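Biologist: Can we go through this one together? I'll ask, you answer.
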Amino acid sequence: MFTCPSARALLFVMLAGFAQLAVALDQIQIVTEELPPYNMTQGGKLTGMSTEVVQAVLQEIGEQASIQSLPWARAYDIALNAENVLIYSITRTAQREHLFKWVGVVAPMHWYLYARPERNISLNNLDEARQYQIATVKDDAGEQYLKAKGFTVGKNLQSNNKYQYNYEKFKLGRVDLWISIELNALYLIRQAGEDPASMVVPVLSLPDLGGGDGLNMAFSLQTADATVERFRQGLQAIRSNGTYDAIARKWL
């Protein structure tokens with residue numbers, strides 16, 4: 001069988017095609033969002049602390065994959081439903097715990113509800129925030145957290161696709177409060193040429209949002225455990241060899 005040259009050539013082409021298909025099926029897709037200074041596009045290039053950590057892990061384990069920046073809701077949906085998808089920077093919450101295969105923390109974070117200083121808003125607990133309009137990002141951890149606590153989009157939550165839109169609305173007084181990760185809020189304010197001390201006051205800390213864990217990278221459930229473990233080991237390696245600390249010093 002397959003003794004003639006043309007038959008052998010056909011078999012070779014078929015086998016090569018199957019091999020390429022197998023590689024394609026196993027290829028990792030990486031998705032993220034514009035969340036400066038963790039992940040952001042500058043000069044047409046994706047950068048930021050979390051991005052550099054993910055890239056360092058890829059280099060450590062000898063993996064090649066491109067990273068796509070999308071609106072968060074779109075990136076989140078892909079990671080929920082597709083195979084071999086890595087998503088970062090994602091907050092690890094109880095609601096998300098069993099929706100992903102978690103790799104580990106790529107950057108520190110702390111969530112707050114912010115108000116403008118001149119508003120003199122004071123909150124003792126989250127229930128007191130229900131009377132205010134709060135800027136959120138569609139399907140991000142902050143919005144999911146507030147919705148789980150009984151807040152509602154269109155009632156006391158104003159949902160947007162981009163973090164900078166929230167700061168613009170907040171600055172213009174179109175919302176009363178802004179839920180944000182501290183580093184993201186400070187970065188956006190400074191990028192606008194303004195002083196954080198004069199623009200925002202953290203009126204309520206939200207330590208239970210992500211458990212103080214940090215921002216993570218995680219895989220879709222339809223990803224092989226061996227792949228997830230390779231990335232876990234790669235992340236641990238760059239933490240042990242000083243690469244992670246060098247990246248953190250650059251951004252924090």
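Modeller: A definition first. Buried means under 20% relative accessible area, exposed means over 50%, and partly exposed lies in between (1.4 Å probe, protein chains only). Helices (H or I, at least four residues) and strands (E, at least two) are DSSP runs, numbered from the N terminus. This is a predicted model: local features need pLDDT of at least 70, side-chain atom pairs count only at pLDDT 80 or more, and totals for chains, interfaces and linings use all residues. Residues are numbered from 1 along each chain as its sequence is written, and side-chain values use heavy atoms, with hydrogens and water left out.

Biologist: Which residues of helix 6 are buried?
Modeller: Helix 6 spans residues 182-191. Its buried residues are Asn 184, Ala 185, Leu 186, Tyr 187, Leu 188 and Ile 189.

Biologist: What covers them?
Modeller: Contact means heavy atoms within 4.5 Å. The cover includes strand 2 (40-42), strand 7 (111-115), helix 5 (163-171), strand 10 (177-181) and helix 7 (196-199). Just after helix 6, Gly 193 has a positive phi of about 80°.

Biologist: Step back a bit. How many helices and strands are there?
Modeller: Nine helices and twelve strands. The protein has 252 residues, and 48% of them count as buried. Take the contacts with a separation of 6 or more: residues 24 or more positions apart account for 72% of them.

Biologist: Sheets next. What is the strand order of the one with strand 7?
Modeller: The order is 9-8-10-7-11, an open sheet of five strands with mixed pairing. Two strands pair if DSSP finds at least two bridges between them. Strand 9 and strand 11 (201-205) are the edges, each pairing on one side only. From one strand to the next, the twist averages 35°.

Biologist: What packs on that sheet?
Modeller: Helix 5 does, touching strand 7, strand 8, strand 9 and strand 10. Its direction makes about 135° with that of strand 9. For angles, axes are lines fitted to C-alpha atoms, for helices over the stretch in contact, and values run from 0 to 180 degrees between N-to-C directions.

Biologist: In which sense do strands 8 and 9 pair?
Modeller: Parallel, over four bridges, with strand 8 at residues 134-137 and strand 9 at 157-160. Ile 134 stands opposite Leu 157. The chain goes from strand 8 through helix 4 (residues 141-148) to strand 9, a right-handed β-α-β crossover. Right-handed means that, with the strands pointing away from the viewer, the path from the first strand over the helix to the second runs clockwise.

Biologist: Why is helix 4 called largely enclosed?
Modeller: Because six of its eight residues are buried. Those are Ala 141, Gly 142, Glu 143, Gln 144, Tyr 145 and Leu 146. Their cover includes helix 3, strand 5, strand 7, strand 8, strand 9 and strand 10.

Biologist: And strand 7 with strand 11, parallel or antiparallel?
Modeller: Antiparallel, joined by four bridges. Tyr 112 has Ser 205 in strand 11 as its bridge partner.

Biologist: Ala 115 caught my eye. Where does it lie?
Modeller: In strand 7. Its relative accessibility is 1%, so Ala 115 counts as buried. Leaving out residues up to four places away in sequence, Ala 115 touches Ile 121, Phe 170, Asp 176, Leu 177, Met 199, Val 200, Val 201 and Val 203. Met 199 is 84 residues away in sequence, yet 8.3 Å away C-alpha to C-alpha.

Biologist: What about the sheet with strand 12, what order there?
Modeller: 4-1-5-12-6, five strands in an open sheet with mixed pairing. Strand 4 (67-69) and strand 6 (100-107) are the edges, each pairing on one side only. The twist averages 25° between one strand and the next. Strand 1 (residues 29-32) runs parallel to strand 4, with three bridges. Thr 32 stands opposite Ser 69.

Biologist: Which strands does helix 3 lie across?
Modeller: Strand 1, strand 5 (85-91), strand 6 and strand 12 (215-220). Helix 3 covers residues 72-81 and runs at about 130° to strand 5.

Biologist: Last topic. At what angle do helix 2 and helix 8 cross?
Modeller: Roughly 105°, with the axes of helix 2 (residues 49-61) and helix 8 (residues 225-240) coming within 9 Å. That makes the two helices roughly perpendicular. The bins: under 35 degrees is roughly parallel, over 145 roughly antiparallel, 65 to 115 roughly perpendicular, and the rest oblique.

Biologist: Which residues meet there?
Modeller: From helix 2, Val 53, Ala 56, Val 57, Leu 58, Glu 60 and Ile 61. From helix 8, Arg 230, Phe 231, Gly 234, Leu 235, Ala 237 and Ile 238. By type, the contact has nine nonpolar residues, one polar and two charged. Ala, Val, Leu, Ile, Met, Phe, Trp, Tyr, Cys and Pro count as nonpolar, Asp, Glu, Lys and Arg as charged, and the others, Gly among them, as polar.
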